[in-house]
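Good morning, and thank you for coming. I would like to describe one protein, beginning with the whole chain and ending with a single residue.

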Amino acid sequence: MSQTTTEPPAATDAEAGATAAILQARSGNPDRISGGHLVAKALKAEGVDVIFTLCGGHIIDIYDGCVDEGIAVVDVRHEQVAAHAADGYARVTGKPGVAVVTAGPGTTDAVTGVANAFRAESPMLLIGGQGALSQHKMGSLQDLPHVDMMTPITKFAATVPHTTRSADMISMAFRECYSGAPGPSFLEIPRDVLDAEVSLADCTIPEPGRYRASTRSAGDPAAIERLADVLAHSSKPAVLLGSQVWTGRGTDAAIDFARTLDIPVFMNGSARGSLPPGDPHHFHLSRRYAFNNADVIIIVGTPFDFRMGYGRRLPAHATVVQIDMDYRTVGKNRDIDLGIVGDPGAVLAAVTAASSGRLSRPSRRAWFDELRAEENAAYQKRLPRQLSDASPIHPLRLAHEINEFLTDDSIYIGDGGDIVTFSGGVVQPKSPGHWMDPGPLGTLGVGIPFVLAAKYARPDKEVVALFGDGAFSLTGWDFETLVRFNLPFVGVVGNNSSMNQIRYGQMRKYGEERQRVGNTLGDVPYDKFAQMLGGYGEEVRDAADIAPALQRARESGLPSLINVWVDPDAYAPGTMNQTMYK
């Protein structure tokens with residue numbers, strides 16, 4: 001995947017003169033412009049080419065402005081989908097995603113998508129409608145305190161107070177998206193502010209490339225030198241690349257760092273695929289062993305949260321280095337030996353440069369051989385289940401077939417609990433930016449919106465999505481949106497008619513007789529659901545039929561769902577190891 005940067009778009013001569021040559025407003029007066037058209041101008045200046053939305057009377061002037069600016073309007077069936085799609089679009093393109101929703105329930109429906117982007121550090125802007133300022137506190141239709149609700153889950157939340165401020169507050173929101181670690185912003189725009197027309201001369205309209213700065217800090221030079229020295233004397237280093245490596249488009253620098261300094265690489269979140277399977281520096285199944293035995297551990301762009309055991313899994317004997325875009329994350333939950341705040345790609349490139357000419361590092365051949373042996377042993381232990389012909393189908397077999405099916409150009413999306421936990425140990429993306437999951441909020445229902453965003457942004461890429469049946473149910477009706485916009489993908493539902501991750505926990509805590517309380521679903525034929533909505537659908541009950549079904553879905557050229565019935569009594573190790581169940 002090409003690595004689009006997160007920097008402001010560069011201004012061209014034509015764009016720089018856009019303010020003076022602004023299109024005639026709805027009134028027919030070229031010297032006046034509406035709030036909705038100002039919003040569209042500001043979105044265009046940021047390089048936004050699509051908004052995800054569900055219509056409402058408060059926001060339609062933005063649509064009118066988008067038509068004039070050549071910004072596509074992709075309308076969905078639920079505002080949560082619009083917000084998740086904006087999040088997904090940011091991940092795929094490197095540009096901020098934008099969702100536009102109406103006031104009240106439109107905005108509250110989008111809260112989950114914004115919260116997911118907040119925890120995943122994904123730069124997106126949600127624009128919400130609001131009742132007219134002239135009716136403030138009078139009980140207007142769909143009036144709610146949106147800003148108060150959004151403030152805890154955004155980097156910036158505000159009301160546009162006057163039509164003349166519409167464009168510059170959009171640019172302000174985008175700047176805040178990229179302050180420190182990226183994240184979402186929210187703006188509400190009252191209906192009369194959005195619809196009013198004002199003098200063009202009274203407005204500040206941002207020009208491309210001129211209203212926000214680069215955030216690619218390389219960190220403290222003294223800390224860079226210190227890390228280079230530490231690595232020069234390390235015999236057993238290991239590095240974990242986290243989502244910020246991909247978010248900041250630092251993959252090339254990370255690869256050069258690992259190969260030049262000869263360091264084993266582990267990857268999580270959106271950084272998966274930074275190195276392809278088979279690369280001598282790519283490791284996956286031996287992470288715990290590596291961390292238990294390493295003398296230097298470098299954590300790049302991922303916090304010491306539950307996925308890292310809050311840092312407690314890192315041994316006291318190792319030198320622990322943390323690199324992150326957010327100062328507040330470095331050293332949180334666990335003491336560190338060295339912390340560097342900066343853009344991961346820029347920091348790693350600086351360390352690589354600083355390492356040139358250092359004392360020759362100890363030979364790491366034995367360390368690589370040790371990790372590779374551990375990696376192979378873990379793979380061989382799992383292989384019988386991965387190749388199992390059992391009926392019902394073992395989830396590992398399904399994950400294996402999906403992994404075999406992926407090409408170098410396949411973007412993989414995981415949406416679910418236990419079934420996606422199974423896939424995390426098996427499915428290996430082949431290229432950077434080709435793995436998408438919810439992130440640390442663990443939100444179910446991101447699958448269809450992420451498919452929408454990924455396929456819309458990159459129609460040249462194949463998109464393959466694995467859903468749990470419970471996860472698909474949350475946002476699945478927007479399968480119709482994919483049909484309507486002709487966005488084909490290969491979808492797989494791992495169907496066990498259960499919320500199985502929760503079921504396991506209930507069984508562990510309360511016994512087998514209470515394992516089916518509030519977590520059991522109907523036996524839904526999702527293949528027929530896809531067919532009903534105009535897509536391709538197929539049912540699979542035999543493991544040998546998975547690969548042919550996937551191929552037929554690919555060849556159909558339609559949005560597809562392969563409904564694979566999997567064993568409801570098989571649980572992923574990650575599910576069984578969750579501390580909340582112990």
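Let us begin with burial: of the 582 residues in this protein, 59% are buried. Please keep in mind that the model before you is predicted.

The secondary structure consists of 24 helices and 19 strands. The radius of gyration is 25 Å, close to the 25 Å that the globule rule gives for 582 residues, so the protein is as compact as a globular protein of that length. Along the principal axes, the C-alpha trace spans about 75 × 60 × 45 Å.

How are the contacts distributed along the sequence? If we take contacts between residues at least 6 apart in sequence, 76% of them join residues at least 24 apart.

Turning to the surface, the accessible area of the protein is about 22,100 Å², and carbon and sulfur atoms account for 52% of that. As for charge, there are 53 positive and 67 negative side chains. The centres of these two sets lie 5 Å apart.

I shall finish with one residue, Asp 87, which is located in helix H4, covering residues 79-93. Is Asp 87 buried or exposed? Its relative accessible area is 0%, and because buried means under 20%, Asp 87 counts as buried.

What does Asp 87 touch? Leaving aside residues up to four places away in sequence, Asp 87 touches Asn 116, Ala 117, Ser 122, Met 124 and Phe 450. With Asn 116 there is also a polar contact, side chain to side chain, at 3.2 Å.

Notes. Residues numbered from 1 in each chain as written. Predicted model: local features only at pLDDT ≥ 70, side-chain atom pairs only at ≥ 80, totals over all residues. Heavy atoms only, no water. Helix = DSSP H or I, 4+ residues; strand = E, 2+ residues; numbered from the N terminus. Rg over C-alpha atoms; globule rule 2.2 N^0.38 Å. Buried < 20%, exposed > 50% of the residue type's maximum accessible area, 1.4 Å probe, protein only. Contact = heavy atoms within 4.5 Å. Areas by Shrake-Rupley, 256 points an atom, 1.4 Å probe, with all protein chains shown as cover. Lys, Arg positive; Asp, Glu negative; His and termini not counted. Charge placed at Lys NZ, Arg CZ, Asp CG, Glu CD. Polar contact = N/O pair within 3.5 Å; in protein donor to acceptor, adjacent residues only side chain to side chain.
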